[in-house]
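Student: Please take me through one part of this model in close detail. I would like the metal site and what surrounds it.

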Amino acid sequence: MNFDLKTLTHSGALSHKSDLLVVLQKTIASKASPQKSSSTSVLSQYLSTLQKEEDFDAKPGKNLLLLKPEHLAAKRLMVLGVGEGKPAQIRKSVLSAFKSIKSLGYKEITLLLEESVAPLDQALKLSILAASDALYLYTKTKPSAKPSKESKSKVSGTSATDLSVTFALPDTKSAAIKTAFSQALALSEGIELAKEWGNRPANHATPTHLGNVALNLGKHPDIKVNVMGPKEVEKLGMGSFLSVAQGSAEPLRFITLEYRGARAKTAAPTVLVGKGITFDTGGISLKPGAGMDEMKFDMCGAASVLGVFKSLSVLRPADLHVVGLIPTCENMPDGLALKPGDVVTSMSGQTIEILNTDAEGRLILCDALTYAKRFKPKAVIDIATLTGACVIALGHLRSGLFSNNDELAHALEKAGESSLDTCWRMPLDDEYAEALKSNFADVANVGDRSAGSVTAAKFLQRFANDFAWAHLDIAGTAWNSGAAKGSTGRPVGLLMEYLLNHSQNTPKSQASAKASKSASQ
Ligand code: BES
Ligand code: MN
Ligand code: ZN
């Protein structure tokens, strides 16, 4: 798919040729103040008549597809309700519209973002991300999902494989719009990469595969990559990480990525640590069979880190220095597997009594947190599908946020709100750590069932005392279950928003008005 930007007013849109023109329409109630622009244009008169006649209520997500109305150069017109035009409503509407457009076979689509749906830069960014989200198609192990060359559309005469979307605004020259456009394109590529690798089955997304994804990103001039195997990890003394991998035939990988912008020669890095369990059976503390396939998503933290690096490689922000650390392996039961009661020694020197081999995420993350110290980080953020308890606490809307640093926590909360990739701060009172006491080691890897997401975070905190640290539990937000089963690409949006808010400059390479998106395979 291809996204570009065009200067078009409401009236100019009339003569703009495309297969489909999509116009956003707010509800009448939310149009208390008269519309600023183009109220005299034929198109806006047509739209307001449509609404007054009560054929169309403009609720978010509702749309009306019309055959070539008079005076319109486009072959079809879609009126898309966006309610009051709030950011979340725009996202919901554009997402649902593009999901239906996906199957209609149009090739050239123009989305007209009205002035009244403000702020325009945010509306543009959200629309690009929503369109890209809707148009994503998983085909790696399902080639039949690809639209066939034969199924040609009557409107465009071509198949929908190469869709092109033009985002039309009255002004495309302002710095805010240009920044929003280039950020959205970079972000959509990162999110797409995170989704794609989250979705791939565990036999198509092994630790070795994830290492290769990183090595590919390392071809970029601003990114350095190092991938270690079991021998190097053993030398580093990562006894906790090694113990999780010991029951699997797939060799573990420890991936390091480092992005350094042109003006970030001396800046301390932000370190992102992603949980990369490519399949979580639970190990000897075996999980029940029902729904176990979803444990292929247990590497979504790792995928989000790879996604962030993809976005950084496209956007190239000059002031950022970011390190990504990904411990990745399978959690399997076999004759060599870790057993409940075993005691292992982490890289930090702390011994850990394994009371449940299914609490493996914290066992691979703790050694990565210890390793993070050598980068003298500004902040360390780990991202992990860590606990089912977090899903019980927060559902699928907000990720769990835990932090030993208020400033970092507030910055992440803020980034979540503005990117619509939200999180909610959870407590870290010291009393919660009492559940992790062990008679046979410095710490146990699980407590009792109560406050499971908090005790998991308390475990990690023991390895993060030397720096500002935050932990995002994305167990409820990284993927959807049921009919819409699939990875969401979260929290790439939140992380990029956080990182960009902390780089004072504009991106080194502004994307040109026309940029094409490449596939992530
Ligand atoms: N990967 C799971 C967490 C998970 C469970 C994510 C369900 C999404 C949905 C993690 O490794 C795990 O198994 N956690 C255990 C911890 C328990 C043994 C203390 C859990 O949540 O049940
Ligand atoms: Mn587990
Ligand atoms: Zn897990």
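Tutor: What follows is a walk through the metal site, the ligand beside it and some charged pairs elsewhere. Keep in mind that the model is predicted.

Start with the zinc ion (ligand 3). Its protein donors are Lys275 through NZ, Asp280 and Asp298 through OD, and Glu360 through OE. They lie 2.0 to 2.4 Å from the ion. The zinc ion has 6 donor atoms, and the site is octahedral. The angles among those atoms run from 78 to 176°. For six octahedral donors the ideal values are 90 or 180 degrees. Along the sequence, the donor residues of the zinc ion follow the spacing K-x4-D-x17-D-x61-E.

A second metal sits 3.1 Å from the zinc ion: the manganese ion (ligand 2). Asp280 coordinates both ions.

Now look at two of the zinc donors, Lys275 and Asp298. Lys275 is in the loop between strand 9 (270-274) and strand 10 (276-280). Asp298 is in the loop between strand 10 and helix 8 (300-315). The two residues are 23 apart in the chain. Lys275 has a relative accessible area of 1%, so it counts as buried. Asp298 has 2%, so it is buried too.

Next comes ligand 1. It is surrounded by 16 residues, and the closest are Asp280, Lys287, Asp358, Glu360 and Gly388. Asp280 and Glu360 are already familiar as zinc donors. The side chain of Asp280 places an N or O atom 2.9 Å from an oxygen atom of ligand 1. For the side chain of Lys287, the corresponding distance to an oxygen atom of ligand 1 is 2.8 Å. Thr385 contributes a polar backbone atom, 3.4 Å from a nitrogen atom of ligand 1. Taken alone, ligand 1 exposes 510 Å², and the protein buries 76% of that.

Finally, the charged pairs. The model has 23 salt bridges. One of them joins Lys125 and Glu497, at 3.6 Å from N to O. Lys125 is in helix 3 (residues 120-135) and Glu497 in helix 13 (residues 492-501), 372 residues apart. Both side-chain partners, Lys125 and Glu497, belong to buried residues.

Lys373 and Asp466 also meet in a salt bridge, at 3.1 Å. They are 93 residues apart, each in a loop. Lys373 is partly exposed at 47%, whereas Asp466 is exposed at 54%. Asp57, Lys59 and Lys62 are linked in a network of salt bridges.

Notes. Residues are numbered from 1 along each chain as its sequence is written. Chains are lettered from A and ligands numbered from 1 in the order in which they are written. This is a predicted model: local features need pLDDT of at least 70, side-chain atom pairs count only at pLDDT 80 or more; totals for chains, interfaces and linings use all residues. Side-chain values use heavy atoms; hydrogens and water are left out. Donors are N, O and S atoms within 2.8 Å of the metal (3.2 Å for Na, K and Ca); water is not among the atoms, so sites may look incomplete. Four donors count as tetrahedral if all angles lie between 85 and 135 degrees; four count as square planar and six as octahedral if opposite donors are over 155 degrees apart and all others between 65 and 115; anything else is irregular. Helices (H or I, at least four residues) and strands (E, at least two) are DSSP runs, numbered from the N terminus. Buried means under 20% relative accessible area, exposed over 50%, partly exposed in between (1.4 Å probe, protein chains only). A residue is near a molecule or strand if one of its heavy atoms lies within 4 Å of it. A polar contact is a pair of N or O atoms within 3.5 Å; within protein, one must be able to donate a hydrogen and the other to accept it, and residues adjacent in sequence count only if both atoms are side-chain atoms. Accessible areas come from the Shrake-Rupley method with a 1.4 Å probe; for residues, only the protein chains shown count as cover. A salt bridge is a side-chain nitrogen of Lys or Arg within 4 Å of a carboxyl oxygen of Asp or Glu.
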